[in-house]
Amino acid sequence: MGFFNLFKRSNTMDDIQEYLNKGAVVIDVRTVAEFNEGHVQGSHNIVLDTIEKNIAEIKNFNKPVITVCRSGGRSGMAMEILSDEDVDVINGGPWQNVAQYVNN
């Protein structure tokens, strides 16, 4: 996957709902300060630059993963890293995309 694919909106709202139905873990890759301003209920805050150090923890969830951030760029990078490690992952884009299904 190339750099420009990170920003491609390839995952639809149906994909997000499907992953949530499968029990996906939501990983928010924004900074702690950004996360504290608002986030998907029950999501895990694993900052993008620590994703590689946390691969084992993420794999131990033993669930599909939805990555989110502010705009979809950082979550796209996280998705690529996790995908390369054989994690079943999609880029949820902005955290609000997923929150509308979870924060009800």
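N62 sits in the loop that links helix 3 (55-60) to strand 3. In this predicted model, the phi angle of N62 comes out near 55 degrees, a positive value for a residue that is not glycine. That is worth a second look, since most residues other than glycine have a negative phi. N62 is also out in the open: its relative accessibility is 71%, and because the cut-off for exposed is over 50%, N62 counts as exposed. A second case turns up at D86, again not a glycine, with a positive phi of about 65 degrees. D86 belongs to the loop between helix 4 and strand 4, and with a relative accessible area of 73% D86 is exposed.

Zooming out, the protein chain has five helices and four strands. Read from the N terminus, the elements go α-β-α-β-α-β-α-β-α. Of the 104 residues in the protein chain, 45% count as buried. The accessible surface of the protein chain adds up to about 5800 Å², with 47% of that belonging to carbon and sulfur atoms. As for how the chain folds back on itself, take the contacts with a separation of 6 or more: 65% of them come from residues 24 or more positions apart.

The four strands make an open sheet in the order 2-1-3-4, with parallel pairing. Strand 2 (44-45) and strand 4 are at the edges and have a single partner strand each, so one side of each is left without a neighbour in the sheet. At one end of that order, strand 1 (residues 25-28) runs parallel to strand 2 and is joined to strand 2 by two bridges. Here D28 stands opposite N45 of strand 2. At the other end, strand 3 (residues 65-69) pairs with strand 4 in the parallel sense, this time over five bridges. In that pairing, C69 has P94 of strand 4 as its bridge partner.

Strand 4 deserves a closer look. How can an edge strand, with one side lacking a neighbour in the sheet, still be enclosed? Six of the six residues of strand 4 (residues 89-94) are buried, so strand 4 is largely enclosed by the rest of the structure. Two helices touch on this part of the model. Strand 3, helix 4 (residues 73-84) and strand 4 build a right-handed β-α-β unit. Helix 5 (residues 95-102) lies across strand 1, strand 3 and strand 4, and runs at about 100 degrees to strand 4.

Which residues does T67, a member of strand 3, contact beyond its neighbours within four places in sequence? The list is I27, S75, A78, M79, L82, V89, I90, N91, G92 and G93. Among these, V89, I90, N91, G92 and G93 fall within strand 4 (residues 89-94), while S75, A78, M79 and L82 fall within helix 4 (residues 73-84). I27, for its part, comes from strand 1 (residues 25-28). T67 has a relative accessible area of 0%; buried means under 20%, so T67 is buried. There is a polar link as well: a polar atom of the T67 side chain lies 2.9 Å from the backbone oxygen of S75. T67 thus has contacts in strand 4 and helix 4, the two elements that join strand 3 in the right-handed β-α-β unit.

Key. Residues are numbered from 1 along each chain as its sequence is written. This is a predicted model: local features need pLDDT of at least 70, side-chain atom pairs count only at pLDDT 80 or more; totals for chains, interfaces and linings use all residues. Side-chain values use heavy atoms; hydrogens and water are left out. Buried means under 20% relative accessible area, exposed over 50%, partly exposed in between (1.4 Å probe, protein chains only). Two strands pair if DSSP finds at least two bridges between them. A crossover is right-handed if, with the strands pointing away from the viewer, the path from the first strand over the helix to the second runs clockwise. Contact means heavy atoms within 4.5 Å. Axes are lines fitted to C-alpha atoms, for helices over the stretch in contact, and angles run from 0 to 180 degrees between N-to-C directions. A polar contact is a pair of N or O atoms within 3.5 Å; within protein, one must be able to donate a hydrogen and the other to accept it, and residues adjacent in sequence count only if both atoms are side-chain atoms. Accessible areas come from the Shrake-Rupley method with a 1.4 Å probe; for residues, only the protein chains shown count as cover.
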